[in-house]
Amino acid sequence: MDDQDPTSVINMIKDLRSGTESYRKSIGASLRFSGASYIRTKFNESDDSVISPKRQKLNESDTSIINQTQSDSAPGSPWEWRRMKGEVISLKTRLTHQEATVQQLHNVRRQMEEIFEKEKGLLQVQVEQDAQTIQQLEVRLDVARRTIQDAREAQAIAEKEWSQIRNNLEKKIASLLTENAQLSENLKNASTKESSSPLQDTSESNELQLKLETMEAKATMLEGRMKDYLKVQQDYELQNVELQNMKIKLEKLESERALWEEGKMLVGRAARANDLEKELNVAKKTIAVLKESVREKLLLEEQMANMTKRLEHTEKVEQQVAVLEAKRSELALRLQEYETIGIIGGPTAVKRELNRLQQAEVDLRAEEGQLRSRLDAVLRESQNLSKNYENAKKLATDVTSSKEKLNKLVSRLQKKMILVTRERDSYRQQLDLYEKEMTVDGNNAMTERIPALERAIDGYRDLVNKLEADLQAVETGTKKNECNKLREEIEQLKGELEHRALKGDFNCNARVLHFTMNPSAIAEKQAEEKQAALLREVEELRAKVGSGNYGATTSSLQIQEIAELKQTHEIKIARLKEAFKASSQEYRQACYQLFGWRVDRTKEGYYKLSSQYAESPDDFLFFHVGEEGVDMLETVFSTNLSSLIEQYLQRQHSVPMFLNAVQSDLFSQQTVTNVVTSRKLTELLSRIKILREGNVEVENRVEPSHSGYPTGDVTSRPCSYVPRKGRPVCPRRAISIALFGEGTVTVIFISD
Amino acid sequence: MTETQQKAKCITLKGSAELVTQYLLYGVNSILYQRGIYPPETFQPSEHFGLYIFTSTDDKITSFLNTVLGQVQEWLIQRKVHKITLVITNVNTKEVLEKWDFKVDYEDQKTNGINSNVKADLSEVETKDMKTIQKEIREVIRQITGTVSFLPLLDCLCSFDILTYTVPDCDIPNQWDETQPVFIANSQEVQLRSFSTSIHKMDTVVSYKNT
């Protein structure tokens, strides 16, 4: 049991909690039911579900209470027991309260249900009544419809009749119209007949006239009928209009009837509605009463809560009141103390006192300020005075010092005075003595002596003046001399300086700068290096000489020198060669121009001679010059000269003469002997132009070697003239002209 | 005279310095050629100041002259150089055989600062024309060429150096060095013509060993 004790208590608490929760739920549900008017079945269900757990719980709590009572018998503190008991009682009271409220709510609900059922029955009755009225109205509506249908049928029948009548009438009209047409035709025919035979057919015409009259009578009759028909038609139309009016009236009546019915219904309903409204008002009132009761309940609860709060508040206030009372007593005590001190009259008096005191303070302050300013003024004055005093002190000290000095002076002067008086006394004594003596010697000596002495003094003065003048003169002279000398020196020095400047001296306040890597420095360095190398070599050679070794001692320097020499020699040789070439060329040229033979040395001792006047370059002579003499070798050209060979070589054995003969022969072959000079060239050129204009063909056949001059390129031009022999005129100008033929210009070659 | 023409004719300090350095370059080149200090094959003629002047084609010499004269031109603008001396020395004995002094005088010494100088120049330049300056330079170079007639023959291996006499507070540039002035014992001096750009006045003096 002891072990179960706490658990039982816990269970109890749990139960309580759950109970309260369920209570809350139930309250929520009940509130909801009271606020709404729903279906009854739901009410029943909820009733069961809500009430059943509550009862159980109540039972449980009862059992727990029993348990508790059982546990109470067990040892436990009386305080606890009491507390528990109190709790139990409170819980029981609560329970009873709750049950009462629940029952009340149930009653209210039942009443509500009854009221609602009554209302429902009333409403059902009303519905039934409404349905009956609706049925009645439907029946009436059917009747009305039937009548409308009947009216329509009647209308349709009438329309049919009317249409039939109209058709008949129309047919009749058509037949009459055809008749009329036939008659008119007949009439025409009759008139034609009459015109053709007016005299013959008078009888016929009479007959016809009769007929016509009958016909006319018929027509009038028909017209009358027509009028009747039209009247009938109009009547019909009027009837139709009336019918339509009737229809409109019928509709109006129907609508009136509907309105009347509706009015009737509304009257019925209104009669019922008043009752219903009354009932509804009653119900609403009851509902409002119920709602108010609920609200009041809630209000009361709120009020309760408010009251509890207020109570707490009032309690607090009471506490505060107590505190305040304590304070008040304290303050009263203090007040009493104050009163005992003598402050009577409350705060105003105090305030007044304070004001008075403040005023007094202010006054005092002002006084203090004034006093302070005065004090400052006094202090300043005192300072001034002290300064003055100090100054005065200083003055006093000065005065005292001066006084002391003066005292000293006075004492000294007194001493001096004493001395002077003594001296004076002594002098007096002496004077007395002298007077005594003078009286003895007489005054003559004195009188003679003074002027003499004065003269001597004058003399000395003159001397001094003279000497001074001399000195001055001497001094000025020397200075000038010195000055001049110095100037001269300066000029000299300047000149010297200029000279020196020219020589390279420079002003000391200048700086001499040069580029460190200047050529002279480099050259000097190189020279030094070279010297060093030479010295080294000398040393080496000396060493070699000392050791007696005379081997190959060609130094690198020697080799270099030799190489240089070689190079210079080579250059020399090359230059000589060039010079030789030029001179030989010149020589050959000269030979060629002077003797008319071009001499080419093909081999050693073999000479090829080609004449200036040769026809072609193939015409040349070949000689062999040996130790034994000159031998002519056979060539193509030499075969043509057999007569000359025989004459000059075989008979006279003279090669030069042979050559001359060949030359002269060749020369004589030329028809033109006059040498074309440069002066004539212009003339020739003009001729060339003419030739060109005359479609001149030029054939290039002259070759540079044959002409004997380096003529350069010769361009070919079509030419009808074929040259036999060529002779260049002006090769330097790159124009080669050959003149041949019987005293005229035959062929001219011009290189562009 | 319009302003543009004036500008075309006037010489600025820079222009003057450039002209002077050009004179020095061609003067030194012609001395080197005329005095035969370097072989004549290494020289090429070109026209300057209306004269055919032989200038060296040796890279070492040209680079040396360019660096030295470039520096000198800077100093001329800054008025820091008094004199430029071309010294011809015997390489083996280090004896100074000949000395060419190019003395520089600044003609507008009174005014200080470059800006004021330029202004002063503008007024002066009207009298000094570019052509006249060139003519003067031409005359001097002709004289230099003419000195060969009386100067002694340099029959030994010679080299040259250029010394610049500057103001004492001059900074020593890189690769430059302070040195001693040179003297020629028993020397003879010949003053040549002088020319002026109206900013710089150049006196040329040749001194040589009297034998």
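Two residues are in contact here if their C-beta atoms, placed from the backbone, lie within 7 Å. Keep that cut-off in mind for this tour, and remember that you are looking at a predicted model.

**Stop 1: Asp203(B)**

Start by selecting Asp203(B), which sits in strand 8 of chain B. Which residues is Asp203(B) in contact with, leaving aside its neighbours within four places in sequence? Show Lys103(B) and Ser194(B), and you have them. Now add Gln191(B): the C-alpha atoms of Asp203(B) and Gln191(B) are 7.8 Å apart, with their positions 12 residues apart in sequence. Is Asp203(B) buried, exposed or partly exposed? Its C-beta has 17 neighbours inside 10 Å, so it counts as partly exposed.

**Stop 2: the seven-stranded sheet**

Zoom out from Asp203(B) to the sheet around it. Colour the strands in this order: 6(B)-1(A)-5(B)-3(B)-4(B)-8(B)-7(B). Together they form an open sheet with antiparallel pairing. Strand 6 (176-178) and strand 7 of chain B stand at the edges; each has a single partner strand, so one side of each has no neighbour in the sheet. Look along the sheet and follow the twist, which averages 25° from one strand to the next.

Next, pick out strand 1 of chain A, the one that comes from the other chain. Strand 1 of chain A pairs with strand 5 of chain B over four bridges, in the antiparallel sense. For a pair to click on, try Arg511(A), which stands opposite Thr166(B) in strand 5 of chain B. Strand 1 of chain A is also joined to strand 6 of chain B, by three bridges, and these two run antiparallel as well. Here, click on Phe515(A) and its bridge partner, Trp176(B).

Two helices are worth switching on while the sheet is in view. Helix 7 of chain A lies across strand 3 and strand 5 of chain B, at about 140° to strand 5. Helix 5 of chain B lies across strand 7 and strand 8 of chain B, and runs at about 160° to strand 7.

**Stop 3: where the chains meet**

Now colour by chain. How many residues of chain A are in contact with chain B? There are 20, and they touch 38 residues of chain B. To find the chain A side, select helix 6 (444-503), strand 1 (511-515) and helix 7 (519-547), each of which supplies at least two residues. Helix 7 of chain A gives the most, with six residues. Sort that side of chain A by class and you get 11 nonpolar, six polar and three charged residues.

**Stop 4: the nonpolar core of chain B**

Show side chains for Leu24(B), Val72(B) and Leu86(B): among the 54 residues of the largest nonpolar core, these touch the most other members. Elements giving two or more residues to this core include helix 3 (59-78), strand 3 (81-90) and strand 4 (96-106) of chain B. Helix 2 of chain B provides the largest share, 12 residues. Centre on Leu24(B) to see it touching Leu69(B), Val72(B), Ile84(B) and Phe102(B), not counting residues up to four places away in sequence.

Stay with helix 2 of chain B for a moment. Of its 22 residues, 17 are buried, making it mostly covered. Its end C-alpha atoms are 31 Å apart, which agrees with the 32 Å that its 22 residues should span at 1.5 Å a residue. Just after helix 2, look for Gly36(B), with a positive phi of about 65°.

**Stop 5: helix 4 of chain A**

For a contrast, select residues 202-341 of chain A, which make up helix 4. How many of its 140 residues are buried? The count is zero, and the helix is hardly covered. Its end C-alpha atoms are only 183 Å apart, short of the 208 Å that a straight helix would reach at 1.5 Å a residue. Just after helix 4 comes Gly342(A), which takes a positive phi of about 130°.

**Stop 6: a sheet within chain A**

Finish with the open sheet of four strands in chain A, ordered 2-3-4-5 and paired antiparallel. Strand 2 (597-603) and strand 5 (630-633) are the edge strands, each pairing on one side only. Neighbouring strands here are turned by 30° against each other on average, direction ignored. Strand 3 (residues 606-611) and strand 4 (residues 620-625) of chain A share five bridges. Tyr607(A) has Phe623(A), in strand 4 of chain A, as its bridge partner.

Technical notes: Residues are numbered from 1 along each chain as its sequence is written. Chains are lettered from A and ligands numbered from 1 in the order in which they are written. This is a predicted model: local features need pLDDT of at least 70, side-chain atom pairs count only at pLDDT 80 or more; totals for chains, interfaces and linings use all residues. A nonpolar core is a set of buried Ala, Val, Leu, Ile, Met, Phe, Trp, Tyr and Cys residues joined through C-beta atoms within 7 Å. A residue is buried if 20 or more other C-beta atoms lie within 10 Å of its own, exposed if 12 or fewer, and partly exposed in between; C-beta atoms are placed from the backbone. Ala, Val, Leu, Ile, Met, Phe, Trp, Tyr, Cys and Pro count as nonpolar, Asp, Glu, Lys and Arg as charged, and the others, Gly among them, as polar. Two strands pair if DSSP finds at least two bridges between them. Axes are lines fitted to C-alpha atoms, for helices over the stretch in contact, and angles run from 0 to 180 degrees between N-to-C directions. The expected span of a helix is 1.5 Å times one less than its number of residues.
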